[in-house]
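Biologist: Please take me through one part of this model at close range. Keep the sentences short, and explain each term as you use it.

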Amino acid sequence: MGTLFAIGEVLIDFIPLEKGMALKDVKSFERAAGGAPANVAAAAATLGANASVITKLGNDAFGDFLIDQLLSVGVQTNLIKRTNEANTGLAFVSLQADGERDFSFYRNPSSDLLLTEEEIDSNLFTSQDILHFGSVDLIESPMKHAHVRAINEMKKKGGLISFDPNVRLPLWHDHEEYRRTIQSFIPQSNLLKISEDELEFITGISDKKKAISSLFIGDVQAILYTRGKQGAQLFLKDRSFDSHGYQVDVQDTTGAGDAFMGAFLYQLLQYGVQKEKLHSILLEHNETLLQFANASGALTTTRKGAFPALPTLIDVQQCMRKGMNINV
């Protein structure tokens, strides 16, 4: 089985102990490992995949904590660099009553943004591997160029490229530049994940069908369109597939989309996916792929934070057997 390589931010999420209030009113927090690429790798590793994170952390206590947390769920950390030039990134989160979130990030810059293209090993990838990335670390920085190098090296080896923009508007002063940056990386991916609240921002198109169609550019073969508790849709160029969500007692939606993506990529690795096999695998196994990923995402919302809430393979399988209405 190949390896899932996730490149980008690994940071500390400070999760509030109180729900239903603005961030300025929260009095106490608990720390949790976070960062979308790290969450995806952790979700896949918890299910049993080979997963590794490519990033840079500060030589500080928070960096040590993140290494420990990644190792605790089986993520390989040997590709993580350390630096004294910047601190590990932090994100403070507030939770609304329904579990939705508001973020405040502290990185000016954070250590992850200092990973350089020279620190990407050109011999790292194989045709059996998946490279996954998001948009948070695509601001103009050494890390952006490290992404470009990693993508190019994976393409040379024939591996699969997965992109979840995971839009975080507060991190970008110029939202038009943010949109253009995301649009410039979309054609480099084979598998693209978009949530329903990101589609119009990314495409500039309000009509869903036209917006989805506009994303089939460059190397894009498939699009995952996630709709929270309503489930997800898988779009290929010539057809689409729907999958229901799971009704759960939502505590915190942090990491739910990442758990969905990690579970989806875990399954692709199980099927021995390669770039040229992606379309046929999705045609044959779309129902199982979507249901499994939906169950993983739903279960993650039943606990606070991302890493502590990640479901195991047994958890997901039990959820799928029970059906749509799951009280966890």
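Modeller: What follows starts with a pair of helices and then moves to the cores and two single residues. This is a predicted model, where local features need pLDDT of at least 70, side-chain atom pairs count only at pLDDT 80 or more, and totals for chains, interfaces and linings use all residues. Residues are numbered from 1 along each chain as its sequence is written, and side-chain values use heavy atoms, with hydrogens and water left out.

Take helix α8 (residues 278–300) and helix α9 (residues 313–322). Helices here are DSSP runs of H or I, at least four residues long, and strands are runs of E, at least two long, numbered from the N terminus. The axes of α8 and α9 lie 9 Å apart, at an angle of about 110°. Axes are lines fitted to C-alpha atoms, for helices over the stretch in contact, and angles run from 0 to 180 degrees between N-to-C directions. α8 and α9 are therefore roughly perpendicular to each other; that label covers 65 to 115 degrees, with under 35 roughly parallel, over 145 roughly antiparallel and the rest oblique.

Which residues meet? From α8 come Thr-288, Gln-291, Phe-292, Ala-295, Ser-296 and Leu-299, and from α9 come Leu-313, Asp-315, Val-316, Cys-319 and Met-320. Contact means heavy atoms within 4.5 Å. By class, this contact has 7 nonpolar, 3 polar and 1 charged residues. Ala, Val, Leu, Ile, Met, Phe, Trp, Tyr, Cys and Pro count as nonpolar, Asp, Glu, Lys and Arg as charged, and the others, Gly among them, as polar.

Now the largest nonpolar core, with 60 residues. Such a core is a set of buried Ala, Val, Leu, Ile, Met, Phe, Trp, Tyr and Cys residues joined through side-chain atoms within 4.5 Å. Buried means under 20% relative accessible area, exposed over 50%, partly exposed in between (1.4 Å probe, protein chains only). Phe-264, Leu-268 and Leu-282 have the most contacts inside the core. α8 gives the most to this core, with 10 residues.

Two single residues complete the tour. His-147 sits in helix α3 (residues 142–157). At 1% relative accessibility, His-147 counts as buried. Asn-59 lies in the loop between β4 (50–58) and α2 (61–72). Asn-59 counts as partly exposed, because its relative accessibility is 46%. The side chains of Asn-59 and Asn-84 make a polar contact of 3.1 Å. A polar contact is a pair of N or O atoms within 3.5 Å; within protein, one must be able to donate a hydrogen and the other to accept it, and residues adjacent in sequence count only if both atoms are side-chain atoms.
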